[in-house]
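Trainee: Please choose one loop of this structure, examine it closely, and then set it beside other parts of the chain.

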Amino acid sequence: MHSALLRPISAAMKPIHIIGGGLAGSEAAWQAAQAGVPVVLHEMRPVRGTDAHKTDGLAELVCSNSFRSDDAETNAVGVLHAEMRLAGSLIMSSGDANQVPAGGALAVDREGFSEAVTKALEAHPLITIAREEITGLPPEEWDEAIIATGPLTAPALAEAISAATGSESLAFFDAIAPIVHFDTINLDIAWFQSRYDKVGPGGTGKDYINCPMDKAQYEAFIQALLDGGKTEFKEWEGTPYFDGCLPIEVMAERGPETLRHGPMKPMGLTNAHKPDEKPYAVVQLRQDNALGTLYNMVGFQTKLKYGEQTHIFRMIPGLETAEFARLGGLHRNTYLNSPALLDGTLQLKTRTGLRFAGQITGCEGYVESAAMGLIAGRFAAAARLGRPLTPPPATTAFGALLNHITGGHILSEDEPGKRSFQPMNVNFGLFPPIEVPKPEGKRLRGKEKTLAKKRAMSARALADCKAWLEGAAAEIAAE
């Protein structure tokens, strides 16, 4: 489905109703409208707020400002970026237009990004934005609808979804990292450098601020994390964390070396002030807005109490006098047991025309959520137009993620000990295997072989995605 192929659409065509104006809902609305189908996008903010959102803007980023790696050759999320750009993604075009330096990653000015998405959707002639809370499942007359309410689904709607699916929704916590005012960081101790001096989109190779620790400082910091007061959980919030977004104090509880081999690893960094001294651990901060006045602490999601955060984070060399624009926090994240509940088009198996998109389906990450919004929007538009739409090939990032969500493992009594369905970022482990051609007279081994396999998977994914998109456009042109 391509906007260049649109034909006049009857004004009497029923709209697709999309609940939730986050990244997935915004992308779904854009894709459906670009296909020529009217859309009503229902967003409850500012009528009802959430614990994490600060504005009423669409596609507001509530955690990191990073879309992660933009490397489309050797990184799966970079491949997903590329596929979304090929598909005319509003989220990616808005992200590209509002990027800030971040080494090999694509990071955005969060306010500029949200404003760009909001303006584009408000200006689209086929999109109506309704500021209202939807407290139950879409009514039957909404015969094509998408629920994209994400990790912060309001309780009334969550209860309605749970009742309709016949099982309790699963939940986990996402933790929010603190943001520091740049001018309060001591650059006589900290220095600018991207890991391995890597240059990314809009970057220079010096896109992170690095705060070094020696062994004694690191050990004292770890002990402070362990001793610090944490947010108490309510009884109904007794849920597991997603391993990709663990609070730093939870990682510290797993062993004193965990953080030093995770977000605080010193590899690929040289202290510009003391080049002969290898840091024992390093805390990195990444630019958070276009002005460069705010930096977020990379990988420092936390459930520490606010007072504890200020004290403990000022133990970090270079942040002794840091002032925080926002301290870390937690929000509850709800997702479906999608393999049991959704079909291969993200449609609820028990109700034709009702689809889900974004994190509520069990994907993790901004780009992954938006990608599933993109796919759901295309499926819904095709259904409204009475046109077939073949799902993306499993060899693409789109298809790999979709297959995980709709075909992931389902815990059953017949398979004791097996893992239940869990949220997942896109990764090459979700792609079908590929045979890597051997260079003449050379045998690939170790890292070289792994890199060659990633490149082969990436090339195959992008070629197959182009063919899939061109095939969909050709079907429309032939009608």
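**A loop and its surroundings**

Mentor: Leaving aside residues up to four places away in sequence, H53 touches R45, E60, V62 and L152. The model in which these contacts are found is a predicted one. H53 itself is placed in the loop between β2 (39–43) and β3 (66–69). Among its partners, L152 is 99 residues from H53 in sequence, yet the two C-alpha atoms are 9.4 Å apart in space. A contact of this kind belongs to a broader pattern in the chain: of the contacts with a separation of 6 or more, 72% are between residues 24 or more positions apart.

The loop between β2 and β3 also holds A59. The phi of A59 is near 55 degrees, which is a positive value in a residue other than glycine. As a rule, most residues other than glycine have a negative phi. A59 has a relative accessibility of 0%, so it counts as buried.

A second residue in a loop offers a useful parallel. D197 lies in the loop between β10 (191–192) and β11 (208–213), and its phi is near 60 degrees, again a positive value in a residue other than glycine. D197 is partly exposed, however, because its relative accessible area is 47%, whereas A59 is buried at 0%. A positive phi is also found at a helix end: α10 is followed by G386, whose phi is near 70 degrees.

The setting for these loops is a chain of 479 residues, 57% of which are buried. Its secondary structure comes to 12 helices and 16 strands. Helix α10, which covers residues 366–385, shows the burial well: 19 of its 20 residues are buried, so the helix is largely enclosed by the rest of the structure. From its first C-alpha to its last, α10 reaches 29 Å, close to the 28 Å expected at 1.5 Å a residue.

The packing of helices against one another comes next. Two packed helices are described by the angle between their axes and the distance between the axes. For α3 (residues 90–97) and α4 (residues 110–123), the axes come within 9 Å and cross at roughly 135 degrees. At that angle α3 and α4 are therefore oblique to each other, and their crossing is right-handed. On the α3 side the contact is made by L90, I91, S94 and G95, and on the α4 side by F113, A116, V117, A120 and L121. The spacing of such residues has a simple basis: an α-helix has 3.6 residues a turn, so residues three or four places apart point the same way.

In a second pair, the axes of α2 (residues 76–86) and α11 also come within 9 Å, with a crossing of roughly 110 degrees. Angles of 65 to 115 degrees count as roughly perpendicular, so that is how α2 and α11 stand to each other. Here V79, L80, E83 and M84 of α2 meet A397, F398 and L401 of α11.

Beyond α11 (397–407), the chain enters a loop that ends at α12 (446–478), and P423 is found in this loop. P423 is buried, because its relative accessible area is 4% and the limit for burial is 20%. The C-alpha atoms of P423 and I405 are separated by 8.2 Å, although the two residues are 18 residues apart along the chain. I405 is also one of the residues touched by S338; the others are I360, T361, G362 and F421, not counting residues up to four places away in sequence. S338 has its place in helix α9 (residues 338–341) and counts as buried, because its relative accessibility is 0%.

One further residue in a helix completes the picture. Q309 lies in α8 (residues 306–313) and is buried, with a relative accessible area of 0%. The side chain of Q309 reaches the backbone oxygen of L304 at 2.8 Å. Apart from residues up to four places away in sequence, Q309 touches P178, T302, L304, L327 and G328.

To return to the loop that was chosen: H53 touches R45, E60, V62 and L152, and A59 lies in that loop between β2 and β3 as a buried residue with a positive phi.

How values were computed
Residues are numbered from 1 along each chain as its sequence is written. This is a predicted model: local features need pLDDT of at least 70, side-chain atom pairs count only at pLDDT 80 or more; totals for chains, interfaces and linings use all residues. Side-chain values use heavy atoms; hydrogens and water are left out. Helices (H or I, at least four residues) and strands (E, at least two) are DSSP runs, numbered from the N terminus. Buried means under 20% relative accessible area, exposed over 50%, partly exposed in between (1.4 Å probe, protein chains only). A polar contact is a pair of N or O atoms within 3.5 Å; within protein, one must be able to donate a hydrogen and the other to accept it, and residues adjacent in sequence count only if both atoms are side-chain atoms. Contact means heavy atoms within 4.5 Å. The expected span of a helix is 1.5 Å times one less than its number of residues. Axes are lines fitted to C-alpha atoms, for helices over the stretch in contact, and angles run from 0 to 180 degrees between N-to-C directions. Angles under 35 degrees count as roughly parallel, over 145 as roughly antiparallel, 65 to 115 as roughly perpendicular and the rest as oblique. A crossing is left-handed if the near helix is turned anticlockwise from the far one by less than a right angle, and right-handed if clockwise.
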